[in-house]
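Please open the model in your viewer and keep the selection tool at hand; the tour below moves through its pockets one selection at a time.

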Amino acid sequence: MVVVDDALADPELVRAVAARHTYRPIGPHYPGLRAPVSAAIAMPLVDPLGPLLQQVFHLAAPPAFGECFLSLLTMSPQDLAPIQRLPHFDGVEPERLAVLLYLDPAAGTGTAFYRQRSTGFESVTAERFASYQQNLHADAARHGLPAAGYIGEDSALFERIGLVEGLFNRLVIYRGNQLHCASLPPDFVPVADPSRGRLTLNLFLNC
């Protein structure tokens with residue numbers, strides 16, 4: 001994992017620009033709204049880190065742009081679909097990197113990382129995918145679906161093994177196939193306004 005604090009010279013300006021974007025649902029999994037961001041805007045954020053990322057993540061070549069979004073978490077805990085109450089992974093490729101920039105000045109949120117209890121998996125590869133799914137269905141049948149709400153520290157299906165605090169203007173980079181989920185305080189109330197809500201920039205890199 002790579003963590004960079006004070007990533008932007010003027011994060012308030014970036015928030016102001018982000019507030020002028022048009023947000024809409026993109027895909028069935030993210031519990032909120034998103035606005036696409038181009039490679040020309042996103043890549044200067046990570047280009048200076050290229051050699052470091054190659055070293056830390058053992059990449060054969062510098063990572064390249066995959067896709068990028070401004071993401072605004074807007075869904076209330078009681079409205080989450082069952083799949084949104086579990087940790088997720090962004091792909092099965094170990095060389096796929098997730099870059100997360102926290103743009104919400106409010107304290108108390110972050111990103112948590114998990115281990116599937118029945119398999120011990122902390123990440124999901126192509127070789128592990130079938131076993132991960134099979135055990136997930138079996139565990140859900142045995143323990144029941146998670147109650148409505150964002151996953152917290154632990155559950156019958158998953159154990160939380162790490163937490164990155166979502167400090168304003170902090171950049172976090174990790175392998176996208178790691179099991180992870182947003183970490184939110186129990187009293188979290190979503191706000192559908194990018195100037196006030198939980199706003200992040202999510203950039204995905206491929207090698």
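Helices and strands here are DSSP runs, helices of at least four residues and strands of at least two, numbered from the N terminus. The model is a predicted one, and the tour starts at its largest pocket, whose volume is about 890 Å³.

Select His29, Tyr30, His88, Phe89 and Asp90 to begin with, since among the 36 residues that line the largest pocket these lie nearest its centre. Next, colour the strands β3 (64-73), β4 (97-102), β8 (180-183) and β9 (198-206) together with the helix α4 (129-143), each of which supplies at least two residues of the lining of the largest pocket. Then stay with α4, from which the largest share of this lining comes, at 5 residues. If you now colour the lining of the largest pocket by residue class, you will find 21 nonpolar, 10 polar and 5 charged residues.

Move on to the second largest pocket, in which about 280 Å³ of space lies. A selection of Val14, Val17, Val37, Ile41 and Leu201 picks out the residues nearest its centre, out of 13 that line the second largest pocket. Add α1 (11-18) and α2 (39-42) to the view, as these are the elements that give two or more residues to that lining. The largest share of the lining of the second largest pocket, 3 residues, is supplied by α1.

Finish by colouring this second lining by class as well: 12 of its residues are nonpolar and 1 is polar, while none is charged.

Methods: Residues numbered from 1 in each chain as written. Predicted model: local features only at pLDDT ≥ 70, side-chain atom pairs only at ≥ 80, totals over all residues. Heavy atoms only, no water. 1 Å grid on protein atoms, 1.4 Å probe; cavity = no way out; pocket = protein on both sides within 12 Å on 5 of 7 lines; lining within 4 Å. Points joined across faces, edges and corners; volume = space filled by probe spheres on them. Nonpolar A, V, L, I, M, F, W, Y, C, P; charged D, E, K, R; others polar.
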